[in-house]
Amino acid sequence: MEKEPTKPRRVPAGAAVLQENVTDAIRAAVFEELATVGYGRMSIERVARRAGVGKAAIYRRWRSKLPIVLEVVSALAKQGLPTPDTGSLQGDIKVLLEATARVLWHPMAAQIIPDLFAESARNPDMAQALQAAVRDSQRGIADVVIRNAVNRGELSADTDVDLALDLASGPLYWRLSTMRSPLPEGYLDGLAAATTAALAAARISG
């Protein structure tokens, strides 16, 4: 007895179909709202209005504004950040510094990032989630860079990845996001060399 042909599975009536173009419009609206009014004044209503969608379209994707913001910021943190392998620690650090500088110097990012860190000082949930979204993603890249340097014999196996990340990104964040000062010529070369020397010195003193 022949089996009846399998019928294609139907989507239940009323089931939400998440259109990618709508999701992209919402993400873009969140980014613009953060740059314009900041996290504190941002609302689902404002985002929906700017994106040209109903609030229900947003709530089908995210339960509140915090996860939306974290997703957008996480994407910003990873945008353009490579996992370099130039053959030297200093070269790898220089590539990462260049990519990070491009992100931090973006006009909208320059508004958004300081605002979110200020908000995290008042909001423990934001602080914890922001660290996971931004710090942890960058730490993964730094871990690969340090591991490659260890394999090349440039650093010891017990090199502190968090220290390396602080040494490299701290001065850059201070200059671009806090002081809003452009980078002088040769600054990134000098910072890459100084970070490499500091990590090498830590190896010797250890």
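Hi everyone, let me start in a loop: R180 lies between α8 and α9 (187–205). Helices here (H or I, at least four residues) and strands (E, at least two) are DSSP runs, numbered from the N terminus. Phi of R180 is near 55°, a positive value in a residue other than glycine. Is R180 buried, partly exposed or exposed? At 41% relative accessibility, R180 counts as partly exposed, where buried means under 20% relative accessible area, exposed over 50% and partly exposed in between, with a 1.4 Å probe and protein chains only.

A quick word on what we are looking at. This is a predicted model, in which local features need pLDDT of at least 70 and side-chain atom pairs count only at pLDDT 80 or more, while totals for chains, interfaces and linings use all residues. Residues are numbered from 1 along each chain as its sequence is written, and side-chain values use heavy atoms, with hydrogens and water left out.

Now the overall picture. The chain has nine helices and zero strands, so from the N terminus on, you read α-α-α-α-α-α-α-α-α. Of the 206 residues in the chain, 40% are buried. The accessible surface comes to about 12,000 Å², and 54% of that belongs to carbon and sulfur atoms; these areas come from the Shrake-Rupley method with a 1.4 Å probe, and for residues only the protein chains shown count as cover. Contact, a word I will use a lot, means heavy atoms within 4.5 Å. Among contacts between residues at least 6 apart in sequence, 65% join residues at least 24 apart.

Let's move to a pair of helices. Helix α1 (residues 20–41) packs with α6 at an angle of about 35°, and their axes are 9 Å apart. Those axes are lines fitted to C-alpha atoms, for helices over the stretch in contact, with angles running from 0 to 180 degrees between N-to-C directions. The crossing of α1 and α6 is left-handed, that is, the near helix is turned anticlockwise from the far one by less than a right angle; clockwise would make it right-handed. Which residues of α1 and α6 make the contact? On the α1 side they are F31, E32, L34, A35, G38, Y39 and G40, and on the α6 side M108, Q111, I112, D115, L116 and E119.

Staying with α1, T23 also has its place in that helix. T23 counts as buried, because its relative accessibility is 7%. Not counting residues up to four places away in sequence, T23 touches R61 and W62.

Y39, one of the α1 contact residues, has another partner. The charged end of K65 sits over the ring of Y39, 4.3 Å from its centre. For that label, NZ of Lys or CZ of Arg has to be within 6 Å of the ring centre and within 35 degrees of the ring normal.

On to aromatics. How many aromatic pairs does a search of the whole structure find? It finds one. That pair is F117 with Y173, edge-to-face, 5.8 Å centre to centre and 75° between the planes. The pair links distant parts of the chain, with F117 in helix α6 (residues 107–122) and Y173 in helix α8 (residues 161–178), 56 residues apart. As for the rule, rings of Phe, Tyr and Trp (its six-membered ring) pair if their centres lie within 6.5 Å; planes under 30 degrees apart count as stacked, over 60 as edge-to-face and the rest as tilted. F117 is partly exposed at 38% relative accessibility, and Y173 is partly exposed at 25%.

Two more stops in α8. S177 is found in this helix, and S177 is buried, with a relative accessible area of 4%. Leaving aside neighbours within four places in sequence, S177 is in contact with L104, P114 and L172. S177 and A101 are 76 residues apart in sequence and 9.8 Å apart in space, C-alpha to C-alpha.

A164 is in α8 too, buried at a relative accessible area of 8%. Beyond its neighbours within four places in sequence, A164 is in contact with I146, T195 and L199. I146 is in helix α7 (residues 124–151) and is buried at 6%. The C-alpha atoms of I146 and A164 are separated by 8.1 Å, with their positions 18 residues apart along the chain. Again not counting residues up to four places away, I146 touches L155, T159, V161, A164 and L199.

Thanks, everyone!
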